[in-house]
Amino acid sequence: MPDGFSVSVWRPQIFQMWPDGATSKNRLRMRMTMRWAMKPLRLFAAHRYRMLTIRHDSELAHYSGLTPRFWRFPFMDDRDLQIGDTWTAPRYRGQGIALRALRIILKTEYQPGRRFWYIVDAHNSQSIRVAEKAGFEPIADGTTITPLNIPMLWRYAILSHRRTSAAVSA
Ligand SMILES: CC(C)(COP(=O)(O)OP(=O)(O)OC[C@H]1O[C@@H](n2cnc3c(N)ncnc32)[C@H](O)[C@@H]1OP(=O)(O)O)[C@@H](O)C(=O)NCCC(=O)NCCS
């Protein structure tokens, strides 16, 4: 990483709902509070969730969440990981930080047979570009569905496959 930047892995803990450096403006605080509250339920992947963070001095410049398989993403295998909630603070965008984060994750989280998933809105060209530069290829089109119209029950469904393999080499 360039001078002044540091990389670490953060996991939700009882007395730390969000990583150091997350300001009250970060959408991260709200999302992490939800995960923190759900952790004891075990219904969600919160107890295995972790996050790669990149700080510039003490400021949170980037985070990428890592989520193992759970019922919201039934197409994943047990050993797979989904990289999501990827975010770079506006003033650090366009400097290659998200790409570096993805490359670090693909390298450090590599396991034989593990597939990495990156779910992105079809209109999010910046995010798609980052994923493509990291070696991801589009393999399927999907959508979120909300059973019984209960927002908390949303899950992701694959509508059509473009390819049969989602493997990404680091
Ligand atoms: C998507 C996001 C994480 C990218 O972060 P980033 O650190 O700026 O990304 P990088 O600097 O690593 O960019 C890599 C590529 O993305 C593209 N890109 C990134 N920011 C861009 C911008 N502001 N304008 C145009 N292209 C951009 C560039 O093409 C770049 O490739 P290049 O090196 O060929 O120019 C960031 O824009 C973001 O936080 N967006 C809001 C949240 C979001 O949409 N997250 C993704 C959810 S799936």
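Here a trainee asks a mentor about a predicted model of one chain and its ligand.

Trainee: What makes a local feature count in this predicted model?

Mentor: Local features need pLDDT of at least 70, side-chain atom pairs count only at pLDDT 80 or more, and totals for chains, interfaces and linings use all residues. Residues are numbered from 1 along each chain as its sequence is written.

Trainee: What is the mean pLDDT of the chain?

Mentor: pLDDT is the predictor's confidence in each residue, from 0 to 100. The chain has a mean of 85, and 84% of its residues reach 70 or more. Among the elements, H2 has the highest mean, 97, and helix H1 (residues 27-38) the lowest, 68. Where pLDDT is low, the predicted coordinates should not be read in detail.

Trainee: How many helices and strands are there?

Mentor: The chain has 3 helices and 7 strands. Helices (H or I, at least four residues) and strands (E, at least two) are DSSP runs, numbered from the N terminus. Along the sequence the pattern reads β-α-β-β-β-α-β-α-β-β.

Trainee: Why is Asp77 called partly exposed?

Mentor: Count the other C-beta atoms within 10 Å of its own, with C-beta atoms placed from the backbone: 20 or more is buried, 12 or fewer is exposed, and in between is partly exposed. Asp77 has 13, so it is partly exposed. Asp77 sits in the loop between strand E3 (59-68) and E4.

Trainee: Which residues does Asp77 contact?

Mentor: Contact means C-beta atoms, placed from the backbone, within 7 Å. Leaving aside neighbours within four places in sequence, Asp77 contacts Arg69 and Arg115.

Trainee: What makes a set of residues a nonpolar core?

Mentor: The set holds buried Ala, Val, Leu, Ile, Met, Phe, Trp, Tyr and Cys residues joined through C-beta atoms within 7 Å. The largest one here has 26 residues; among those with the most contacts inside it are Leu52, Tyr63 and Ala101. H2 gives the most to this core, with 5 residues.

Trainee: Which residues come nearest the ligand?

Mentor: A residue is near a molecule or strand if its C-beta atom, placed from the backbone, lies within 6 Å of it. Of the 17 residues around the ligand, Thr88, Arg93, Ala98, Leu99 and Ser127 come nearest. H3 gives the most to this shell, with 5 residues.

Trainee: How many residues of each class are in the shell around the ligand?

Mentor: The shell has 6 nonpolar, 8 polar and 3 charged residues. Ala, Val, Leu, Ile, Met, Phe, Trp, Tyr, Cys and Pro count as nonpolar, Asp, Glu, Lys and Arg as charged, and the others, Gly among them, as polar.

Technical notes. Contact = placed C-beta atoms within 7 Å.
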